[in-house]
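User: Hey, got a minute to go through this one with me? I'd like to start with the aromatic rings.

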Amino acid sequence: MCEGILPLDRSSEIFHWLTEQSLAGVAAVVEGRIAWANARLGEMLGYRNEELIGMPAGDLVAEVDRAEVMRHIGSQVEGNGGDIRSAFRAQRKDGSRVPLEVYGHHGTFAGKPAAIGLFLDLTERKLAEAQVRHDALHDGLTGLPNRALFIDRLGRSLARTRGGKGSGFSVLVIDLDRFKLINDSLGHRAGDELLVTTSQRLLGCVRPEDMVARLGGDEFTVLLEDVPDALEAARVSQKIQRELSAPIALGDREIVVTPSIGIAHGCPDYLSAEEILRDADLAMYRAKARGPAGHAEFDPAMHRTAMAALQLESDLRRALDRAELQLHYQPVVSLATGAIVGFEALVHWNHPARGQLRPMEFVPLAEETGLVVPIGEWVLREACRQTREWQARHRGLELTVGVNLSVRQFLMSDVVDTVARALAETRLSPRNLRLELTESMLMDNAPQAVQVLAELRALGVSLDLDDFGTGYSSLSYLHNFRLDTLKIDRSFVGSWEIVSAIVNLARGLRLTLIAEGVETGEQLEVLRGLGCEYGQGYLFGRPIDAKGMEKLLSAEQGARLAPGAAA
């Protein structure tokens, strides 16, 4: 049968063996019909080999691809097209289709022009390609569409809305409250299980025509199609709140996780899908700022606020280089004598457009962006330098300076070296530096905190617990952390039973006490009577710049040196 291709010799035997052992189908087409085929081609198409011989080649091609394939074959037979490589859908005997790839070559069979084809089954390759495409557009953990697929679908919804089609749509961005705590406490496997359960519950809250996607981490998003008004989006949001807040069993534990949800409604004014998602995300952060388990709808004021924060961040990045930061100092006085014994250093920002900004107006942003680390290092050095300068100028005064350490600074691996370097560069004695820490900072990082505090204590600096009573107030940790001073939060000044308890606690632990927020003479007298040693507040002075503090210290020194002054 193959004598038209190869003579019946050793080469013919090799040809027979190769074609029958091949995983590819092989056929010769003469005058539009199959003149010869190997067994593998029959297996691919569901025919016995003898059934193929004489069949019109076009009958084996799915109708949708038939014209194009026959054109190629015709070109081969005429010898005008050279070698060909083409993919098409073949029609199997049972009517199903199989994707094939053919490599064609012009030749002869039994002395006649023929198209010789090598056929490869692409089924596994197509499945693999489909899986790759699926994986590129879906989340590997939950199987939900990912950000790329969601943006594509959202873009098409926006295009319909801008074209006057459909009745509108809404986007919900959902973030799980306290997910990081659960993930860190119970482990990543439990966190993954929580995310999978969340995705399943979200799918149960929407219609088939809507889309649920995972953007990353614990953030999900929902596209609600054909939503007539904002009320419908709010209704779905409330349903999601109920479903996601139901208890979830993770191993032998049952936990409750609440979502924060931001909502943005699609309208023709949007230029891109990313803008809608951005606004829903802003709304989600507004909801989260109000507290857990809430939802918020986007309004343009949120975008203006976000842009203002972005501009403020940009300005803050340049504030150090432009020398716009300035320290203000608030006196700390002895309640027994009224003498200034030190001060707390507070950073202010002389913004070129907005004027002087207090710490509460930009420090949270610095914390969020990480800028608090270089700013904090500058504050530490400048406070030490200025205090050392005042000590040299006012030799009769033994002054201490309190500097707040941020969480980010405290967790830096070189925080102890940073403090030691600042003291060495400014030649300030460690006993004159008080580092102020918060309860949450210590409790959230307890094992690391014990080690860092021990190393800081070894330097000789004082360790103060700021805003005592507003955080965890775990009395056992007060002993473990080995602090020097408790600062009574201003919110307790006036709640004398609480202050009395703190005073007794401090005595038992041999801790110094500083009461913050002292504003009246009556408060001063009560604190003296309770045995509180030091105070800080508007009664003694507001935070003032270095020039103002210099005047206070000069007056203080003059009073101490005046005839008849107490030694």
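Analyst: Sure. Rings of Phe, Tyr and Trp, with the six-membered ring used for Trp, count as a pair if their centres lie within 6.5 Å. Keep in mind that this is a predicted model.

User: OK, so how many aromatic pairs does the count come to by this rule?

Analyst: It comes to five aromatic pairs. Take F88 and F119: their ring centres are 6.5 Å apart and their planes sit at 85°, so that pair is edge-to-face, the cut-off for that being over 60 degrees.

User: Where do F88 and F119 lie?

Analyst: F88 is in strand β3 (residues 84–91) and F119 is in strand β5 (residues 112–121), so the pair ties together parts 31 residues apart in sequence.

User: And is F88 buried or exposed? Same question for F119, buried or exposed?

Analyst: F88 counts as buried because its relative accessibility is 7%, and buried means under 20%. F119 counts as buried too, at 13% relative accessibility.

User: What about W349 and F362?

Analyst: Those two form an edge-to-face aromatic pair, 5.6 Å centre to centre with 75° between the planes. W349 is in strand β14 (residues 340–351), while F362 is in the loop between β15 (355–357) and α12 (363–369). They're 13 residues apart, and the pair links distant parts of the chain. W349 and F362 are both buried.

User: Which residues form an aromatic cluster?

Analyst: Y329, F343 and W390 form one.

User: Back to F88 for a sec. What does D65 touch?

Analyst: Leaving out residues up to four places away in sequence, D65 touches F88 and R89. D65 itself lies in helix α4 (residues 63–78), and with a relative accessible area of 13% it is buried.

User: Switching to helices: how do α8 and α9 cross?

Analyst: The axes of α8 (residues 188–203) and α9 (residues 230–244) come within 10 Å and cross at roughly 140°. That makes α8 oblique to α9, because an angle has to be over 145 to count as roughly antiparallel. The crossing of α8 past α9 is right-handed.

User: Which residues make the contact?

Analyst: From α8 you have T198, R201 and L202, and from α9 there are I240, E243 and L244.

User: What's the mix by class in the contact of α8 with α9?

Analyst: Three nonpolar residues, one polar and two charged.

Methods:
Residues are numbered from 1 along each chain as its sequence is written. This is a predicted model: local features need pLDDT of at least 70, side-chain atom pairs count only at pLDDT 80 or more; totals for chains, interfaces and linings use all residues. Side-chain values use heavy atoms; hydrogens and water are left out. Axes are lines fitted to C-alpha atoms, for helices over the stretch in contact, and angles run from 0 to 180 degrees between N-to-C directions. Helices (H or I, at least four residues) and strands (E, at least two) are DSSP runs, numbered from the N terminus. Angles under 35 degrees count as roughly parallel, over 145 as roughly antiparallel, 65 to 115 as roughly perpendicular and the rest as oblique. A crossing is left-handed if the near helix is turned anticlockwise from the far one by less than a right angle, and right-handed if clockwise. Contact means heavy atoms within 4.5 Å. Ala, Val, Leu, Ile, Met, Phe, Trp, Tyr, Cys and Pro count as nonpolar, Asp, Glu, Lys and Arg as charged, and the others, Gly among them, as polar. Rings of Phe, Tyr and Trp (its six-membered ring) pair if their centres lie within 6.5 Å; planes under 30 degrees apart count as stacked, over 60 as edge-to-face and the rest as tilted. Buried means under 20% relative accessible area, exposed over 50%, partly exposed in between (1.4 Å probe, protein chains only).
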